[in-house]
Amino acid sequence: MAVRQTELRPLGKSVGRKEDPRFIRGKGRYLDDISLPGMLYMCLVRSPYAHARIKSIDTSAALQAPGVKLVITGEDLAAMNLAWMPTMANDQQMVLATGKVLFQYQEVAAVIAETREQAEDAAQLVYVEYEPLPVVVDPFKALESDAPILREDREQKSNLIFHWEAGDKEATEELFRNAPVVVKQDVRFPRVHPSPLEPCGCIADYNSATGKLTWYVTSQAPHAHRTVLSLVSGLPEHQIRVISPDVGGGFGNKVPVYPGYVCAIVASLKLGKPVKWIETRTENTTSTGFARDYHMTAEIAAEEDGRVLALRVKTIADHGAFDAAADPSKFPAGLFSIVTGSYDFKEAFVEVDGVYTNKAPGGVAYRCSFRVTEAAYLIERVMDVLARRVGVDPAELRRRNFIRKEQFPYKSPTGWTYDSGDYEKTLALALEKIGYEQLRKEQAEKRARGELMGIGISTFTEVVGAGPSHTFDIMGIKMFDSAQIRVHPTGKVIARLGVRHQGQGHETTFAQIIAEELGLSTDDVIVEEGDTDTAPYGLGTYASRSTPTAGGAAALCARRIREKAKKIAAHLLEVGEDDVVFDGVGFSAKGLASRTVTMKDIAFAAYTNVPEGMEPGLEATYYYDPPNLTFPHGAYIAVVDIDKGTGAVKVRRFLAVDDCGTVINPMIVEGQVHGGLTEGFAIAFMQDIPFDEDGNCLATNWMDYLVPTALDTPKWETDRTVTPSPHHPIGAKGVGESPNVGSPAAFVNAVVDALAPLGVEHIDMPIYPWKVWKILREHGVTE
């Protein structure tokens, strides 16, 4: 068990989380803990149809209901030029439906009342007359020439949102034409939902006397949200204060701007009172940012011994009714070009078509960096298909094709420059730790007895740290991040950062980085985030970007302070600045270790005894623009047994060996890995959001959309290798996304491996027991 760390040099130690005491005592402050004087409550009226024209909306009965103060419709917003809002993906989205609705549960009207119950009751009295229209839920059918055009507001009369590609098409085709072996696999990554414990919500509080809007919101990106609000509302940015209190999970779900946010702000502006809106679980599951929903086809051209030559990928991406994906502007398919994974392909060509359908919009980076999970799953599945085709063990096939450590920095055929990695070392550790050879022997023995045992491998490379401004922006805003550090006279430190945690342990992680850089204890450092009036501008926490970007900013900001501290140390030690050395604990005169001053000595002097001409104080601000992304990797192995009578899959063992570069806090990394693996397990075996042909969502709550409990979840085994990033100030790469990125392929590969003797080459997720049972029955294995 980790203990509270008060020693110096905290980097790499399992320092107890500074934020945990308030959480485990129930003292966290979440959105619904906030109550303001005179606060009103908002409820949204939603469409029961997936596609229908709105013939009329009658709000008169609702307006007469007890406690009701206001009802807003799309026409009301249109009169204010607020009927549409920009999305993060440079599309536009209806705030409240006007003309027609485009997905079931779309927002149609907002009711504001004195209590939440009054608002909910009155919402039932809003009468909307609909004329149903043909529904399109299949993205392939949406691209057919006779498909109904869903977005009549667009100049382009097609359901195609974008066509995006990467790599060299001609060079790839040439290699395919001459390849001895070509394999192909169609794969679907189902529509899933991040499902944070706390749904989305906000409190809008407009003060007509000061003209200032204070907006409390469950946000992963408070500054970006403030900028979007300013663009939508016309309120100047300095008159908007966004406060993101403790956030009960995000996983990408709390990056987009949702219609409820805009409606609550409009209501507060019109009524001059604070207005609270918090989703129900069904609203969160059906109408906020989903993830995945990619239909993918991969082909590999290879030599007869399995050495890969080229990769060809075609993908149809279902983005729902509006392209509200929180992707960087330059990459409408996110980072799908990482699909070449850990392997040294000579060439690759990737195509993705984004498509409108009558489903809820979103497409968020659910614990992955903008579609990396889909890409990693695809390549790891098709590598197993190749292994089976050429008759090479899947571990050996991967080893033959790895990018070698001496090839880094490695330029991928789709244009990314991988920073560092040692894939063979990581896989070797995983194979040894799980006892791979012995497991294969056991599998052979079980197969001889007719038992079904599978071993699945996934050796993935991720790309995280969205931040290099030369490559990344959202709505044109460059994706740097920031830190501001102030050292008080007693040596106590307050650090403010532009990111916003949702449980990741930022208050501890960043304190460790800063304390390490300044020669202080983590107990001396307090970290604050989530208030745009105090924190420097940043792009938020998602896509494993906090440590690669804000962590870099924190380290370099602290070093800027250390530079000034060194000058003060020289003054106190009465030596030249070049004769002062910092050993991580204090500053001493070169060759005279006994003449030492600590950072606390220097902090006091910074306010009382600075060298002549020096500005007093000890603080700095740093905006860090990373030179490149970071590329963590891992080797995961799953071992499963399948019950022939029921089709149930038991995950007997799961080992995750991660390499996330420099580890700041092993305990926090371990927690991130456990959480991500649990989510990956859920996606592989339990989760999907299906729709019927009328566009009705068939998974609207946690009875239908399953969330794994402790009883469902396997025991996780973990280990790590360390390959520091050469360009990051402390060598850290980020880890939060890796387990979700790497684990689905390991699970599915294991199940397919178990069923391989039956000739099975692929099963789409989620692998429900009935799917396996059906296969077993088709092959006469079970009745």
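# Getting to know a predicted chain

The chain has 19 helices and 32 strands. Since the model is predicted, every value below is computed from it. Here are some exercises to help you find your way around.

**Exercise 1.** Work out what radius of gyration a compact globule of 783 residues would have, and compare it with the chain.

*Solution.* Begin with the expectation: a compact globule with 783 residues would have a radius of gyration near 28 Å. Next, take the chain's own value, which is 27 Å. The two agree. To picture the outline as well, imagine a box along the principal axes: the C-alpha atoms fill roughly 85 × 75 × 50 Å.

**Exercise 2.** Find what share of the residues is buried, and then what kind of atoms supply the exposed area.

*Solution.* Start inside: of the 783 residues in the chain, 64% are buried. Then turn to the surface, where the chain exposes about 28100 Å². Carbon and sulfur atoms supply 50% of that area. As an extra step, look at the charges: there are 82 positive and 103 negative ones, and their mean positions lie 3 Å apart.

**Exercise 3.** Describe the stretch 25-134 and place threonine 73 within its strand.

*Solution.* First, the record: UniProt, in an unreviewed entry, gives residues 25-134 the feature "domain: Aldehyde oxidase/xanthine dehydrogenase a/b hammerhead". Second, the make-up: this stretch is 16% helix and 37% strand, with its end C-alpha atoms 52 Å apart. Third, zoom in on threonine 73, which belongs to strand β3, residues 68-73. Is threonine 73 buried or exposed? Buried means under 20% relative accessible area; threonine 73 has 10% relative accessibility, so it counts as buried. Finally, setting aside neighbours within four places in sequence, the contacts of threonine 73 are Ile57, Thr59, Leu96 and Val108.

**Exercise 4.** Locate aspartate 327 and list its contacts beyond its sequence neighbours.

*Solution.* Step one: aspartate 327 sits in the loop between β16 (308-320) and β17 (347-356). Step two: its relative accessible area is 4%, so aspartate 327 is buried. Step three: leaving out neighbours within four places in sequence, aspartate 327 touches Met88, Pro332, Ala333, Gly334, Phe370, Arg371 and Ile474. Step four: try a pair distance. Aspartate 327 and asparagine 90 are 237 residues apart in sequence, and their C-alpha atoms are 9.6 Å apart in space.

**Exercise 5.** Find how much of the chain's contacts with a separation of 6 or more comes from residues 24 or more positions apart.

*Solution.* Take the contacts with a separation of 6 or more, then pick out those between residues 24 or more positions apart: they account for 80%.

Definitions and conventions:
Residues are numbered from 1 along each chain as its sequence is written. This is a predicted model: local features need pLDDT of at least 70, side-chain atom pairs count only at pLDDT 80 or more; totals for chains, interfaces and linings use all residues. Side-chain values use heavy atoms; hydrogens and water are left out. Helices (H or I, at least four residues) and strands (E, at least two) are DSSP runs, numbered from the N terminus. The radius of gyration is taken over C-alpha atoms; the globule rule is 2.2 Å times the number of residues to the power 0.38. Buried means under 20% relative accessible area, exposed over 50%, partly exposed in between (1.4 Å probe, protein chains only). Contact means heavy atoms within 4.5 Å. Accessible areas come from the Shrake-Rupley method with a 1.4 Å probe; for residues, only the protein chains shown count as cover. Lys and Arg count as positive and Asp and Glu as negative; His and the chain ends are not counted. The place of a charge is taken as NZ of Lys, CZ of Arg, CG of Asp or CD of Glu. UniProt positions are given in the numbering used here, feature names are shortened, and annotations may be inferred rather than shown by experiment.
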